[in-house]
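Biologist: I've got a new structure open and I'm not sure how to read it. Could you walk me through it, one feature at a time?

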Amino acid sequence: MAEFQIVVADPEDGATYQVDTEGQDSNRFIGRSIGEEVDGGAVGLDGYTLEITGGSDVSGRPMRGDVKGPNTKAILVTGGTGFKPTRDGERKRVTVRGAEVSDETRQINAKIVARGDSDPATLLGEGGEEEDE
């Protein structure tokens, strides 16, 4: 069974919440890709809908939405996720993880796209950490 750390961003107030999932709740994320929507009940946000926006694997490699599948791949990039160029025209070959969530994924970034009745801070309680910045 996979174990993930889900980082949920609330675009309405700018807060982020970190939730650890394991077991059956983790399986809801396996096979999903960046941009897909997931039921918030997997992280304790009943009535909410989350959109997967990214993540990283066990080695810290970022997930990229333009790389298909769950495997790692060395790609030549001019910027974006995984590389920030320091001068014009700079390119670099970086190893990134594909857009699909797999057993190798350790952190999943998500944002709230549909809100439920309750406040996310009260639903997550002490299980989530709230950061103002």
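Modeller: Happy to. Keep in mind that this is a predicted model. A good place to begin is the inside: in soluble globular proteins, nonpolar side chains tend to be buried together. Here the largest nonpolar core has 21 residues, and Phe29 and Val43 are those with the most contacts inside it.

Biologist: Which strands each supply at least two residues of this core?

Modeller: They are β1 (3–10), β2 (15–22), β4 (49–57) and β7 (105–114).

Biologist: And what does Val43 touch, not counting residues up to four places away in sequence?

Modeller: Valine 43 touches Ile6, Val8, Val19, Thr21, Phe29, Leu50 and Leu124. Apart from the core with Val43 lies another core, of six residues, and Val67, Ile75, Val77 and Phe83 are among them.

Biologist: Let's stay with Phe83. Is it buried or exposed?

Modeller: Buried means under 20% relative accessible area. Phenylalanine 83 has 11%, so it counts as buried. Its place is in the loop between β5 (72–77) and β6 (92–97). Leaving aside neighbours within four places in sequence, Phe83 is in contact with Val77, Thr78, Glu90, Arg91, Lys92 and Val94.

Biologist: How many Å separate the C-alpha atoms of phenylalanine 83 and tyrosine 48?

Modeller: Those C-alpha atoms are separated by 32 Å, with the two residues 35 apart along the chain. For another pair, take arginine 106 and glycine 89: they are 17 residues apart in sequence and 33 Å apart in space, C-alpha to C-alpha.

Biologist: I'd like the layout of the chain now. How many helices and strands are there?

Modeller: The protein chain has two helices and eight strands. Following the sequence, you meet them in the pattern β-β-α-β-β-β-β-β-α-β.

Biologist: What about overall size?

Modeller: One way is to compare the radius of gyration with what a compact globule would give. For 133 residues that would be near 14 Å, and the protein chain has 16 Å, which agrees. You can also draw a box along the principal axes: the C-alpha atoms fill one of roughly 50 × 30 × 20 Å.

Biologist: What share of the residues is buried?

Modeller: Buried residues make up 35% of the 133. As for the outside, the accessible surface comes to about 7600 Å², and 39% of it belongs to carbon and sulfur atoms.

Biologist: How do I read contacts between residues at least 6 apart in sequence?

Modeller: Ask how many of those contacts join residues at least 24 apart; in the protein chain, that is 57%. For a single case, look at proline 120, in helix α2 (residues 120–124). Not counting neighbours within four places in sequence, Pro120 is in contact with Asp10, Tyr17, Leu45, Tyr48, Ile112 and Arg115. Its relative accessible area is 0%, so proline 120 is buried.

Biologist: And where is serine 33?

Modeller: Serine 33 sits in the loop between α1 (24–27) and β3 (37–39). Beyond four places away in sequence, Ser33 touches Ile52, Ala99 and Glu100. With isoleucine 52, the C-alpha atoms are 7.1 Å apart, and the residues are 19 apart in sequence.

Biologist: Now some charges. How far apart are the mean positions of the positive and negative charges?

Modeller: The protein chain has 15 positive and 27 negative charges, and their mean positions are 15 Å apart.

Biologist: Is arginine 97 buried or exposed?

Modeller: At 7% relative accessibility, arginine 97 counts as buried. Arg97 belongs to strand β6. Among the residues it touches more than four places away in sequence are Asp57, Arg61, Pro62, Met63, Val67 and Glu104.

Biologist: And arginine 106, is that buried or exposed?

Modeller: In between: arginine 106 is partly exposed, with a relative accessible area of 36%. You'll find Arg106 in strand β7. Setting aside neighbours within four places in sequence, its contacts are Glu3, Phe4, Gln5, Ser56, Asp57 and Val58.

Biologist: Ser56 is in that list. What can you say about it?

Modeller: Serine 56 lies in strand β4, and at 17% relative accessibility it counts as buried. Its contacts, again leaving out neighbours within four places, include Arg61, Pro62, Met63 and Arg106.

Methods. Residues are numbered from 1 along each chain as its sequence is written. This is a predicted model: local features need pLDDT of at least 70, side-chain atom pairs count only at pLDDT 80 or more; totals for chains, interfaces and linings use all residues. Side-chain values use heavy atoms; hydrogens and water are left out. Helices (H or I, at least four residues) and strands (E, at least two) are DSSP runs, numbered from the N terminus. The radius of gyration is taken over C-alpha atoms; the globule rule is 2.2 Å times the number of residues to the power 0.38. Buried means under 20% relative accessible area, exposed over 50%, partly exposed in between (1.4 Å probe, protein chains only). Contact means heavy atoms within 4.5 Å. Accessible areas come from the Shrake-Rupley method with a 1.4 Å probe; for residues, only the protein chains shown count as cover. Lys and Arg count as positive and Asp and Glu as negative; His and the chain ends are not counted. The place of a charge is taken as NZ of Lys, CZ of Arg, CG of Asp or CD of Glu. A nonpolar core is a set of buried Ala, Val, Leu, Ile, Met, Phe, Trp, Tyr and Cys residues joined through side-chain atoms within 4.5 Å.
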